[in-house]
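Dear colleague,

Please find below the structure that I am handing over to you. I would be grateful if you would read the notes that follow with the coordinates open beside them.

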Amino acid sequence: MNNKIIWCGIYLSVLIWSAIKPADPFTWWLEALPALVAVPLLFFTRKGFPLTPLVYFLVLVHCCVLFVGAHYTYAEVPLFDTIAQWMGTERNNYDKVGHFAQGFIPAMLAREIMLRNQAVKPGAWCAFLVTCFVLAFSAFYELIEWWVAAATGEGAEAFLGTQGYVWDTQSDMFLALIGAIVALISLSRVQDKQIAKLIGQARLKHLPKNPL
């Protein structure tokens with residue numbers, strides 16, 4: 001219970017901070033929407049399909065990344081302006097952090113759903129299918145950005161965040177791919193242990209109680 005309270009406290013704190021005087025209110029809604037949708041989904045699935053602590057933590061991290069980008073817009077996050085100055089460049093690369101996270105976190109979520117539903121077994125095929133899912137998800141998100149830009153015109157410039165980089169779309173998808181690969185290599189064993197523990201706990205709950 002304490003972990004849930006801490007999770008909700010961090011989420012709400014960052015959400016409230018992000019929503020106070022954002023740089024561009026229209027962009028704030030566009031960027032924050034996935035994080036706003038995530039919480040109702042987690043709430044309604046918490047009993048029927050609870051996730052591992054690892055995935056809940058990663059979802060929280062992703063929400064925070066989205067809220068920071070929504071507050072400043074991805075091209076104007078102050079820390080990454082400073083980093084750009086140190087590196088002698090003009091481009092603010094916070095959006096690349098966001099797209100790396102867009103591969104890293106969904107990879108673990110997709111992997112857990114596939115394994116828990118016995119769609120695949122742990123191993124090479126699982127990793128391959130998870131990677132395919134992440135690439136498809138990243139490509140679809142780029143299509144959403146295109147559709148929003150086409151529908152709203154100049155109002156979507158901050159949402160796109162290309163900053164004049166001609167290969168921005170391709171590099172976004174590439175970073176999502178890298179994020180998925182890094183997640184699979186570094187966290188698969190941890191996730192497997194947590195899934196086994198979670199399934200074991202679920203089975204115990206359904207066992208008849210000992211009358212003695």
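The notes below go from the overall fold to individual helices, rings and loops.

The model is a predicted one, and the values given here should be read accordingly.

Overall fold

The chain contains eight helices and zero strands, so that the order of elements along the sequence reads α-α-α-α-α-α-α-α. Of its 212 residues, 39% are buried. Taking contacts between residues at least 6 apart in sequence, 76% connect residues that are at least 24 apart. The accessible surface of the chain amounts to about 12,900 Å², and carbon and sulfur atoms account for 71% of that surface.

Packing of H1 against H3

Helix H1 spans residues 2–19 and helix H3 spans residues 53–72; the two pack at an angle of about 10 degrees, and their axes lie 9 Å apart. H1 is therefore roughly parallel to H3, since angles under 35 degrees are placed in that class. On the H1 side, the contact is formed by Trp7, Ile10, Tyr11, Val14, Leu15, Trp17 and Ser18. On the H3 side, the participants are Tyr56, Phe57, Val59, Leu60, Cys63, Cys64, Phe67, Val68, Ala70, His71 and Tyr72. By residue class, the contact of H1 with H3 comprises 16 nonpolar residues, two polar residues and no charged residues.

Aromatic pairs

How many aromatic pairs does the structure hold? The count is 11 aromatic pairs. One of them joins tyrosine 11 and phenylalanine 67, with ring centres 5.4 Å apart and planes at 65 degrees, which makes the pair edge-to-face. Because tyrosine 11 belongs to helix H1 and phenylalanine 67 to helix H3, this pair ties together parts that are 56 residues apart in sequence. Both partners also appear among the residues of the H1–H3 contact. Tyrosine 11 is buried, at a relative accessible area of 6%, and phenylalanine 67 is buried as well, at 0%. Ring pairs further link Trp7, Tyr11 and Phe67 into a cluster.

Another pair is formed by phenylalanine 140 and tryptophan 147. The centres of these two rings are 5.9 Å apart and their planes stand at 80 degrees, so this pair too is edge-to-face. Here the relative accessibility is 43% for phenylalanine 140, which counts as partly exposed, and 44% for tryptophan 147, which is likewise partly exposed.

Serine 188 in H8

Serine 188 is located in helix H8, which covers residues 168–206. Is this serine buried or exposed? With a relative accessibility of 13%, serine 188 counts as buried, because the limit for that class is under 20%. Apart from neighbours within four places in sequence, serine 188 is in contact with Met108, Arg111 and Ala183. Of these, Met108 and Arg111 fall within helix H5, residues 94–116.

The region around H4

Arginine 91 sits in the loop between helix H4 (78–87) and helix H5 (94–116). Its relative accessibility of 15% places arginine 91 in the buried class. The C-alpha atom of arginine 91 is separated by 7.7 Å from that of alanine 75, a residue 16 positions away along the chain.

Leucine 79 is part of helix H4. In contrast to the buried arginine 91, leucine 79 counts as exposed, with a relative accessibility of 51%. Between the C-alpha atoms of leucine 79 and tyrosine 94 the separation is 8.7 Å, and these residues are 15 apart along the chain.

Positive phi values

Most residues other than glycine have a negative phi. Two residues with a positive value deserve mention in that light.

Lysine 21 has a phi near 50 degrees, which is positive although the residue is not glycine. Lysine 21 is found in the loop between H1 and helix H2 (25–45), and it is exposed, with a relative accessible area of 76%.

Glutamine 118, also a residue other than glycine, has a positive phi near 60 degrees. Glutamine 118 lies in the loop between H5 and helix H6 (124–152). Which relative accessible area does glutamine 118 have? The value is 71%, and glutamine 118 is therefore exposed.

With kind regards

How values were computed
Residues are numbered from 1 along each chain as its sequence is written. This is a predicted model: local features need pLDDT of at least 70, side-chain atom pairs count only at pLDDT 80 or more; totals for chains, interfaces and linings use all residues. Side-chain values use heavy atoms; hydrogens and water are left out. Helices (H or I, at least four residues) and strands (E, at least two) are DSSP runs, numbered from the N terminus. Buried means under 20% relative accessible area, exposed over 50%, partly exposed in between (1.4 Å probe, protein chains only). Contact means heavy atoms within 4.5 Å. Accessible areas come from the Shrake-Rupley method with a 1.4 Å probe; for residues, only the protein chains shown count as cover. Axes are lines fitted to C-alpha atoms, for helices over the stretch in contact, and angles run from 0 to 180 degrees between N-to-C directions. Angles under 35 degrees count as roughly parallel, over 145 as roughly antiparallel, 65 to 115 as roughly perpendicular and the rest as oblique. Ala, Val, Leu, Ile, Met, Phe, Trp, Tyr, Cys and Pro count as nonpolar, Asp, Glu, Lys and Arg as charged, and the others, Gly among them, as polar. Rings of Phe, Tyr and Trp (its six-membered ring) pair if their centres lie within 6.5 Å; planes under 30 degrees apart count as stacked, over 60 as edge-to-face and the rest as tilted.
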